[in-house]
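Here are some notes to read alongside the structure. I have put them as numbered points so that you can check each one in the viewer.

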Amino acid sequence: MSYFINIINLDTGEIMISIADKDLIGKKFEDGRIVIDVSPNFYGSKLIDDEEALIYLKSADILILTGNNIVNKAIKEGLVNPDSVLEIKGLKHVQVFKFSY
């Protein structure tokens with residue numbers, strides 16, 4: 001499986017990543033007022049594989065994941081609660097904020 005990733009180092013020192021399944025880039029999903037635009041401007045242009053995706057998922061502080069493959073991978077790894085997943089027209093999307101105390 002391949003994914004597009006965008007890595008942002010925030011001023012707060014946190015790392016935010018947005019990852020989308022490769023085949024979704026450039027598509028838009030709508031359900032009423034909810035719109036998910038899988039834009040290359042947001043999800044980046046760097047392609048990664050499953051192994052790299054797992055490393056980024058575990059190390060980032062903020063995750064924005066779009067696509068059934070990447071969301072299911074994060075669920076399988078215990079990084080995402082399945083009850084937190086938003087589904088729009090069959091497309092899975094989730095946002096995760098990891099807090100350390």
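1. Let's start with a charged pair. K73 makes a salt bridge with D50, and the closest N and O atoms are 3.8 Å apart. This contact links distant parts of the chain, since K73 belongs to helix α3 (residues 68-76) and D50 to helix α2 (residues 50-59), 23 residues apart. D50 is partly exposed, with a relative accessible area of 28%. Please keep in mind that this is a predicted model.

2. How many salt bridges does the structure hold? There are two. Besides the pair above, E77 and K58 meet through their side chains, at 3.8 Å from N to O. Here too, distant parts of the chain are linked: E77 is in the loop between α3 and β7, K58 is in helix α2, and 19 residues separate them. E77 is partly exposed, its relative accessible area being 33%. As a general reminder, side chains of opposite charge can pair when their charged atoms come close.

3. Now to the sheet. It is open and has six strands in the order β5-β1-β2-β6-β8-β7, with mixed pairing. Strands β5 (46-49) and β7 are at the edges with a single partner strand each, so one side of each has no neighbour in the sheet. From one strand to the next, the twist averages 25 degrees.

4. Which pairing is parallel, and which antiparallel, around β6? Strand β2 (residues 15-21) pairs with β6 in the parallel sense over five bridges, and I19 stands opposite L65 in β6. With β8, strand β6 (residues 62-66) pairs in the antiparallel sense, again over five bridges. L65 appears here as well, with V94 as its bridge partner in β8.

5. The two helices of the salt bridges also meet the sheet. Helix α2 packs on it, touching β1 (2-9), β2, β5 and β6, and its direction makes about 100 degrees with that of β5. Helix α3 packs on the sheet too, touching β1, β2, β6 and β8, with its direction at about 45 degrees to that of β8.

6. Is strand β8 (residues 91-97) mostly covered or mostly open? Mostly covered: five of its seven residues are buried. Strand β7 (residues 86-88) pairs with β8 in the antiparallel sense over three bridges, and L86 stands opposite H93 in β8.

7. The turn between these strands deserves a look. The hairpin of β7 and β8 has two residues between the strands, and K89 takes a positive phi near 50 degrees there. Most residues other than glycine have a negative phi. K89 has its positive phi although it is not a glycine. K89, in the loop between β7 and β8, is exposed, with a relative accessible area of 62%.

8. One last item for your viewer is the aromatic pair, and the structure holds one. F42 and Y43 form it edge-to-face, 5.0 Å from centre to centre and with 80 degrees between the planes. Which of the two rings' residues is buried, and which is partly exposed? Y43 is buried, with a relative accessible area of 3%, whereas F42 is partly exposed at 32%.

Key:
Residues are numbered from 1 along each chain as its sequence is written. This is a predicted model: local features need pLDDT of at least 70, side-chain atom pairs count only at pLDDT 80 or more; totals for chains, interfaces and linings use all residues. Side-chain values use heavy atoms; hydrogens and water are left out. Buried means under 20% relative accessible area, exposed over 50%, partly exposed in between (1.4 Å probe, protein chains only). Helices (H or I, at least four residues) and strands (E, at least two) are DSSP runs, numbered from the N terminus. Two strands pair if DSSP finds at least two bridges between them. A salt bridge is a side-chain nitrogen of Lys or Arg within 4 Å of a carboxyl oxygen of Asp or Glu. Rings of Phe, Tyr and Trp (its six-membered ring) pair if their centres lie within 6.5 Å; planes under 30 degrees apart count as stacked, over 60 as edge-to-face and the rest as tilted. Axes are lines fitted to C-alpha atoms, for helices over the stretch in contact, and angles run from 0 to 180 degrees between N-to-C directions. Contact means heavy atoms within 4.5 Å.
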